[in-house]
Amino acid sequence: QPYLIKEQGSGDSGKLNNSGKVLLATVKGDVHDIGKNIVGVVLACNNYEVIDLGVMVPTEKIISEAIACKPDIVGLSGLITPSLEIMADAAKEFRKNNLDIPILIGGATTSKVHTAVKIAPNYGGPVIHVKDASKSVGVVGQLLSPAKKAQFLSGVKSEYESLVEAYAGAREKVQYISLSQARENSLKTDWGNEIIKEPLFTGIKVFHDFPVDEIREYISWMFYFIVW
């Protein structure tokens, strides 16, 4: 980084002339930040200024920092299922505070469908699900590109609308039956008339000096090398 600063001629400020500013945070109640940290490193390596608020960050702090720092993009991260609700609530609070900063959603339990159905409708600005850290630079780059932003957001909006329609349609097709009907559909067994085969042996059987040549064709070497 010192070499980059010197090369870019940023003087005594000690900061790079960055391509944009991204605010990252793991939402309240969640301590997982490996993915978020990778995103931060990847973005920093691509000349973006990254402000990482850490883990278990209350929504109020994320909003206050967003107002104070004026980032170009906010990234919300979480791994556990309750984080999905926190993210949806955060989108509502962003709207209440009249913010329209693009929000990136990431984490193991997050999905494009959940983002489209549960989070995006709560916010007036763009909400985009980022599947993994390697995709973050591409998404951020398109959001901050005057030439590509409009087309990118149009594509995301169209895709998310389709996901919402498909989700609603799938729910309408589900037809529930009563508990009594479900019990009528339970497995019926009649052990008195079933033919049960007796095993060739019971207990433990030990093979001494079994020929490796016979075993070798059944060995999955991939897992062997992973463990090695």
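This section describes a sheet, the helices packed on it, and two residues with unusual backbone angles in a predicted model.

The sheet is open and consists of 5 strands, arranged in the order S2-S1-S3-S4-S5 with parallel pairing. Its edges are formed by strand S2 (49–52) and strand S5 (127–129), each of which has a single partner strand, so one side of each is left without a neighbour in the sheet. On average, and with direction ignored, neighbouring strands are turned by 25° against each other. Within this arrangement, strand S1 (residues 21–26) runs parallel to strand S3 (residues 73–77), and the two are joined by 5 bridges. Leu-24 is found opposite Gly-75 of S3.

Helices H3 and H4 both involve the sheet strands. Helix H3 packs on the sheet, where it touches S1, S2 and S3. The direction of H3 makes an angle of about 170° with that of S1. Helix H4, in turn, lies across S3 and strand S4 (103–106) and runs at about 155° to S3.

The relation between the two helices was examined next. Two packed helices are described by the angle between their axes and the distance between the axes. For helix H3 (residues 59–69) and helix H4 (residues 82–96), the axes come within 10 Å and cross at roughly 40°. Because of this angle, H3 is oblique to H4. The crossing of H3 and H4 is right-handed. On the H3 side, the contact is made by Thr-59, Ile-62 and Ile-63, while H4 contributes Ile-86, Ala-90, Glu-93 and Phe-94. Classified by residue type, the contact of H3 with H4 comprises 5 nonpolar, 1 polar and 1 charged residues.

Backbone geometry was considered last. Most residues other than glycine have a negative phi. Met-56, although not a glycine, has a positive phi of about 50°. Met-56 is located in the loop between S2 and H3. With a relative accessible area of 46%, Met-56 is partly exposed, because this value falls between the limits of 20% and 50%. A positive phi, near 50°, is also found for Asp-209, a residue other than glycine. Asp-209 is placed in the loop between helix H8 (179–184) and helix H9 (212–216). The relative accessibility of Asp-209 is 77%, and this residue therefore counts as exposed, the limit for that class being over 50%.

How values were computed. Residues numbered from 1 in each chain as written. Predicted model: local features only at pLDDT ≥ 70, side-chain atom pairs only at ≥ 80, totals over all residues. Heavy atoms only, no water. Axes fitted to C-alpha atoms, helices over the stretch in contact; angles between N-to-C directions. Helix = DSSP H or I, 4+ residues; strand = E, 2+ residues; numbered from the N terminus. Parallel < 35°, antiparallel > 145°, perpendicular 65-115°, else oblique. Left-handed = near helix turned anticlockwise from the far one by under 90°. Contact = heavy atoms within 4.5 Å. Nonpolar A, V, L, I, M, F, W, Y, C, P; charged D, E, K, R; others polar. Pairing = 2+ DSSP bridges. Buried < 20%, exposed > 50% of the residue type's maximum accessible area, 1.4 Å probe, protein only.
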